[in-house]
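Here are some short exercises to work through with the model open beside you. Try each task before reading its solution.

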Amino acid sequence: MNTPETNSNPTEMPEHIGQESGQDDAFTMNSPEAFKPGNAGTKFKREARRNILTPDYEQRLRSLWGDSFRPFHHGNGLVLYFDKPKQIRDDGSRVSAKGMDHKEAAQKLVAIAQAKGWKGVSFTGEQAFVKEAMRQAMLAGLEVVASDISQAALIDEVKAEVAASQLTARMEPSSSSLLQRLHERRQKLEQAHSEPAHQSDRPRHGPYTS
């Protein structure tokens with residue numbers, strides 16, 4: 001088994017070091033979280049944790065965010081340090097965000113789910129985050145699975161909103177093209193009315209005779 005890499009600044013330790021994997025702590029409690037749906041067994045969790053320690057995985061994350069984060073590998077997984085206080089905890093089968101607004105957290109966690117190759121994803125956290133994360137995941141082509149029965153209605157709501165926005169996006173080019181044609185036609189008509197009449201089109205009057 002490969003020896004985990006250490007941070008370039010070993011004095012800065014993630015808050016959750018020493019906690020058992022899957023146990024609630026100060027980092028994950030009420031934090032925006034994404035995880036692969038289903039009851040992942042011990043073998044899957046071990047393999048998923050091993051994968052996040054590989055150079056290939058870090059390279060995929062670098063392709064997303066460049067040098068904007070600093071990775072810290074530890075016994076339970078990986079922490080990505082962005083600008084303080086922004087962090088992402090990744091234990092392989094689950095990822096949690098801290099210090100971000102719900103939109104940024106949703107974008108980053110969905111991007112990580114894609115980098116892991118997940119086909120589906122579930123979310124927990126405050127409803128504003130969960131709704132935005134569902135929307136981002138659906139737009140990315142991921143299947144969103146309710147983490148509990150209370151999320152089923154929210155999934156239907158977000159699906160309807162995403163479908164409506166996609167329909168509007170498809171209609172906008174056609175509407176713009178139609179408006180452009182109408183505008184061009186109006187300009188031609190106005191130009192035709194403003195041009196002086198041709199000599200042959202002017203009314204002819206006979207010579208004046210008394």
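**Exercise 1: The overall plan**

How many helices and how many strands does the protein chain have? Work out their order too.

*Solution.* Please keep in mind that this is a predicted model.
- Step 1: counting the elements gives five helices and seven strands.
- Step 2: reading from the N terminus, the order is β-α-α-β-β-β-β-α-β-α-β-α.
- Step 3: for a feel of the fold as a whole, 34% of the 210 residues are buried. Among contacts with a separation of 6 or more, 57% join residues 24 or more positions apart.
- Step 4: the accessible surface comes to about 13800 Å², and carbon and sulfur atoms account for 51% of that.

**Exercise 2: The sheet**

Find the order of the strands in the sheet, and say which strands stand at the edges.

*Solution.*
- Step 1: the seven strands make an open sheet with mixed pairing, in the order β2-β3-β4-β5-β1-β6-β7.
- Step 2: β2 (70–74) and β7 (143–144) are the edge strands; each has a single partner, so one side of each lacks a neighbour in the sheet.
- Step 3: helix α4 (residues 127–139) packs on the sheet, where it touches β1 (33–35), β6 (120–124) and β7. The direction of α4 makes about 170° with that of β6.
- Step 4: now look at some pairings. β3 (residues 77–81) and β4 (residues 87–90) are antiparallel over four bridges, and Val79 stands opposite Arg89 in β4.
- Step 5: β1 and β6 also run antiparallel, joined by three bridges, with Thr124 in β6 as the bridge partner of Glu33.
- Step 6: β6 and β7 run parallel and are joined by two bridges; here Val121 stands opposite Val144 in β7.
- Step 7: finally, check the cover on β6, where four of the five residues are buried.

**Exercise 3: The two faces of α2**

Which residues of α2 are buried, and why can they be said to line one face of the helix?

*Solution.*
- Step 1: taking under 20% relative accessible area as buried, you should find Tyr57, Leu61 and Trp65.
- Step 2: viewed down the axis of α2, these buried residues fall within an arc of 60°, so they line one face.
- Step 3: a general rule helps here: an α-helix has 3.6 residues a turn, so residues three or four places apart point the same way.
- Step 4: the face turned away from the buried side carries the exposed residues Pro55, Gln59 and Ser63.
- Step 5: the buried residues of α2 pack against α1 (42–51), β3, β4 and α3.
- Step 6: just after α2, look for Gly66, which has a positive phi of about 60°.

**Exercise 4: The core and Val162**

Identify the residues that touch the most other members of the largest nonpolar core, then describe the setting of Val162.

*Solution.*
- Step 1: the core has 36 residues, and Leu61, Leu80, Phe123 and Met134 touch the most other members.
- Step 2: at least two residues each come from α2 (55–65), β3, β5 (94–98), α3 (102–115), β6, α4 and α5. The biggest share is that of α3, with eight residues.
- Step 3: beyond its neighbours within four places in sequence, Met134 contacts Phe123, Val144, Gln151, Leu154, Ile155 and Val158.
- Step 4: Val162 lies in helix α5 (residues 152–194) and is buried, at a relative accessible area of 7%.
- Step 5: not counting residues up to four places away, Val162 touches Arg135, Met138 and Leu139. Val162 and Leu139 are 23 residues apart in sequence, yet their C-alpha atoms are 7.4 Å apart.

How values were computed: Residues are numbered from 1 along each chain as its sequence is written. This is a predicted model: local features need pLDDT of at least 70, side-chain atom pairs count only at pLDDT 80 or more; totals for chains, interfaces and linings use all residues. Side-chain values use heavy atoms; hydrogens and water are left out. Buried means under 20% relative accessible area, exposed over 50%, partly exposed in between (1.4 Å probe, protein chains only). Contact means heavy atoms within 4.5 Å. Two strands pair if DSSP finds at least two bridges between them. Axes are lines fitted to C-alpha atoms, for helices over the stretch in contact, and angles run from 0 to 180 degrees between N-to-C directions. A nonpolar core is a set of buried Ala, Val, Leu, Ile, Met, Phe, Trp, Tyr and Cys residues joined through side-chain atoms within 4.5 Å. The arc is that of the directions from the helix axis to the C-beta atoms. Accessible areas come from the Shrake-Rupley method with a 1.4 Å probe; for residues, only the protein chains shown count as cover.
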